[in-house]
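User: Could you walk me through a structure I have just opened? I am new to this, so plain sentences would help.

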Amino acid sequence: MTSSLAVAIIGAGPRGTSLLERLIANAAECAPDRTIDVHVIDPHPPGGGRIWRSRQSPLLWMNTTAGSCTMFTDETVACEGPIVPGPTLSEWAQELATGRLSSPAGFRHAPSTAAEAGRMHDGWFTTRRTQSDYLSWVFRKLAKNGTPQVQVHSHVGRAVDVHDLPLGRQRVVMADGLPPLDVDIVLFAQGNVDVEPDAEEARLTEYAAAHDLCYLPSGSTADHFLDRIPAGEPVIVRGLGLCFIDTAVLLTSGRGGTFHRDDSGELHYTPSGKEPVLFVGSRRGVPYWSKTHYSLAGSPPESFGHLDAAAVAALGDRPLDFAVDIWPLIAREVTHAGYRELAASHQELLDMDARQFMHRLDTLDWDGPELKELVDQAVRFDGDRIDLEETAHPLAGRRFPDLDALQSWMVDYIDTGVRRGRDPRHSADLAMVHGLFSAFSRLVELVDEKRISPTSWERDLPAFLDFCRFLTSGPPGPRLEELLALTRAGVVRFLGSEMTVTTHDGLFHARSCNVNGSITARALIEARLPERTMLRVSDPLLRKLIQRDEIREETPSAPDGGDRYPTGVIDTVGLIDTDSLNRLKRADGTTHESRFGVGTLFSGSVASGRFPSPKSNDEFFRQNDMIARAALHELCRREVDQRKRSVQAHREEVSVMCPRT
């Protein structure tokens, strides 16, 4: 070994841990004969980081099954670096349960993890505490084993600034008087960071303080102070996604309520008396689709090509309008995926030969009258007919005389969702999700290619991304069944869609477009994550970099060179030169050679906020591998340049001391 180099990774959650793994895996090839010190910085224990820290309620679950979560590459990952396999979460749990797990120094799992590991299987929704132990084990295994070439140093503390030093080196300033770290490269991998309240949240906070009310603004449920919510009183909850599910769990089971099944198998909830009554609504007014309890009988459907390169080329070189140009192609992809699965796996539900149905399906427009006529003729039951507008907005246009009537409708709606999620007879629903993933991948490429018009970016894409989350990011099936039991018990009551909140007479008031009248309460919970924006970020490190114009928000211009539109992510170099990938850009557009960013702050990618899946060539690993290799190449280039400067300086010194005669 001839020299020592240093890298700092800011953020020790799953992304930072994976970057560490890729640095170790690639070091021998990309930085031979160098010793590399990797400093991993996070105020929370490494591996899980903040979001997956072990100190949160054992009632909270992951939203990914144990068999679909891994922190290790496999043979499907198309990356330049070496493949270093390791256990998925469920495989790790099996090794732990059977006593075969090799535990690195310093690793201690919770007693509850060992008990859960014995029950875990690929379809298991793991508690976040157990997931935290898996991530901690991965990190400590990397830190202990690594290679003689890479030395890992974990710093439990908060990075609050990064300064430039001579020759491109970086000084990472730490909070609470901890000594700074001087390194060659900084990899930013913080994940989700806190943001300041928006204008409405600031107004509601002031109103709550002035009238002695309880208001919890948007944020991670695990960080909410739910002890402030009184028992037995009405509470308005805004949001019906995963944050709401977690909130409902903590305010019911978390306060001593219990679930049990009757002789028919129906789930019931017995209150503890400490629960509030949750009045919940949102823009859509219904909970997300649940995860399914089954897989497709065959391989996931391949793309039908409705949004392939040829289809896009046929639209010309102009900026694309999402609603006019893109959505019809996506809708056809999703619709056809569902109907093809229905015909392939459930021919008994058709009143037409399956092959004839699929042939005619391919020749008709997705929203034309001929398709409706074909579906009416061939698809026997209304519940098997696909209406994406109805799916996306099931409460649109519905009016109810009172909340009790809406509640009755919601019980039927959720009950139907529970049954469809666990009965493979409805596998067309899962095929639709696969079709959506296929189309979404192509849409991401179009966004990266800057083909989407600014108007569509601001008007249409947010609604479409919300629709994607609605279908693909719902709760585990058992959670939706628990919600059904809570609804029947009257602990959760629904307000409807297009929910609005106002303030007057010293109270919060909530209403929707589905029912006349409003609900009043002294407590309001925002059960949603805050909007991603650089304008309100409260992280001290990022705020200082913003103030000094050392980072900027990504604001691509329209394809026609017109208005620019914000994306909510920090601007980095795109995939033009692999060795420049994800380097941070300053406010003037120049590239910072020593700083790289990856994760939800730096990417609009669908993969940036979820766990990577095994056997899927996951973008998470491919991106981390490219960034790790780019950082290692930059280390070596920097070292070579420094040697050249040293040699040149030495020559100049000799020339001065010994001039030629």
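Analyst: We can go through confidence, one strand and its partners, and then a pocket.

User: OK, what is the mean pLDDT of the protein chain?
Analyst: This is a predicted model, and the mean pLDDT of its protein chain is 89, with 91% of the residues reaching 70 or more.

User: And where does pLDDT stay under 50?
Analyst: That happens over residues 604-608, for which the model nevertheless has twelve contacts beyond four places in sequence.

User: Switching to strand E21, is it mostly covered or uncovered?
Analyst: Strand E21, which spans residues 591-597, is mostly covered, since five of its seven residues are buried.

User: Which strands does E21 pair with?
Analyst: Strand E9 (residues 185-188) pairs with E21 in the parallel sense over three bridges, and there Phe188 has Gly597 of E21 as its bridge partner. Strand E20 (residues 583-585) pairs with E21 in the antiparallel sense over two bridges, where Lys585 is matched with Thr591.

User: What sits between E20 and E21 in that hairpin?
Analyst: Five residues lie between the two strands, and in this hairpin Gly589 takes a positive phi near 90 degrees.

User: New topic: how much space lies in the second largest pocket, and what lines it?
Analyst: The second largest pocket holds about 310 Å³ of space, and its lining is made up of 14 residues, with Tyr339, Trp366, Lys372, Ile386 and Asp387 lying nearest its centre.

User: Which helix gives the largest share of that lining?
Analyst: Helix H10 does, with four residues, while H8 (322-345), H10 (369-378) and H11 (388-392) each supply at least two.

User: And by class?
Analyst: The lining of this pocket has six nonpolar, two polar and six charged residues.

Technical notes:
Residues numbered from 1 in each chain as written. Predicted model: local features only at pLDDT ≥ 70, side-chain atom pairs only at ≥ 80, totals over all residues. Heavy atoms only, no water. pLDDT = per-residue confidence, 0-100. Contact = heavy atoms within 4.5 Å. Buried < 20%, exposed > 50% of the residue type's maximum accessible area, 1.4 Å probe, protein only. Pairing = 2+ DSSP bridges. 1 Å grid on protein atoms, 1.4 Å probe; cavity = no way out; pocket = protein on both sides within 12 Å on 5 of 7 lines; lining within 4 Å. Points joined across faces, edges and corners; volume = space filled by probe spheres on them. Nonpolar A, V, L, I, M, F, W, Y, C, P; charged D, E, K, R; others polar.
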